[in-house]
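Here are some notes on the empty spaces inside this model and on the residues around them, for you to read alongside the coordinates.

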Amino acid sequence: AETGCIRLAVFLPQYAVTPAGDIEPAGAGLVAHELIVALAEGLGVKVEIVPQPDPPKAIESLNAGQCDVAVIGIDETRTNLVEFTPPIFWFDFAYLVPSGSPIEAADEVDRPGHRIVGPQGHAAVMTLQRIIAHAEIVATDVPDDAFALIRDGKADIFALPRERLIDYAAMLPGSRILAQGFGVNNVGLAVAKGRTQLAKEIGDFVEEARASDLVARILDDTGQASRGFNVAN
């Protein structure tokens, strides 16, 4: 309210760049944007989108005072870096395999010789690093780089939130998203470490938004409910 603006950090693939060069929220970024817009309207302020390449950069921007809030998966390794609100929604992580892959189920992924690709710093890759014992994990700068490795036959499995893999599968004929996922991402809003009062105020808004079905309506209106997003409990 003092600055007249809430600066929301989003990172790839939470946004896309339009042909005109504008930043357009997508997926989790779109849901967070609609939620922050509702908060901003109540405060009588505007919303500004601050694009970042990946979650670590979004967290850096929070703690550097370059933005006010970010939408990030709640992971124990991040709790010493930012202050989290209660979760807003959740979705699962999944595997995509290219055409001709012999892999049929998630329990066939973690085997010697398999290369799993995903974007560095994302909760999907952080989850993999805890559960994968035999396959090789290759972290790329952005999701499109990971997809390029799968497309060009330089990797065997692409790991990402299931809802994002739907779009990538459409760009790779014959590819398949395995039915069983490998983890759940509870997503909340994050503010800079030490801003506990701000986290509490936004957290109260999140809980009210869930209880009033605002989050459910946003998921439906943005089409994310049909892509595997669920309201957090």
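1. In this predicted model, the second largest pocket is lined by L12, P13, Y15, V142, P143, D144, R164, D167, Y168 and M171. Its volume comes to about 190 Å³, and by class the lining holds 7 nonpolar and 3 charged residues, with no polar ones.

2. Turning to the secondary structure around the second largest pocket, α4 (143-151) and α5 each contribute at least two residues to the lining. The largest contribution to this pocket is that of α5, which supplies 3 residues.

3. As for enclosed space, how many cavities of 30 Å³ or more does the model hold? The count comes to 1 cavity, and the space in the largest cavity amounts to about 210 Å³.

4. Around the largest cavity there are 22 lining residues, and those that lie nearest its centre are F11, Q14, F91, H122 and N185. Two or more lining residues come from each of β5 (69-73), β7 (89-97), α3 (123-131), β10 (157-161), α5 (162-170) and β12 (183-192). Among these elements, β5 provides the largest share of the lining, with 3 residues.

5. On the chemical character of the walls, the lining of the largest cavity divides into 14 nonpolar, 5 polar and 3 charged residues, whereas the lining of the second largest pocket has no polar residues beside its 7 nonpolar and 3 charged ones.

6. A last point for anyone tracing these linings by eye concerns α5, which gives two or more residues to the lining of the largest cavity and also gives the most to the lining of the second largest pocket.

Terms used
Residues are numbered from 1 along each chain as its sequence is written. This is a predicted model: local features need pLDDT of at least 70, side-chain atom pairs count only at pLDDT 80 or more; totals for chains, interfaces and linings use all residues. Side-chain values use heavy atoms; hydrogens and water are left out. On a 1 Å grid over the protein atoms alone, a cavity is a set of points where a 1.4 Å probe fits but cannot get out, and a pocket is an open set with protein on both sides within 12 Å along at least five of seven lines; lining residues have an atom within 4 Å of a point. Grid points are joined across faces, edges and corners, and a volume is the space filled by probe spheres set on the points. Helices (H or I, at least four residues) and strands (E, at least two) are DSSP runs, numbered from the N terminus. Ala, Val, Leu, Ile, Met, Phe, Trp, Tyr, Cys and Pro count as nonpolar, Asp, Glu, Lys and Arg as charged, and the others, Gly among them, as polar.
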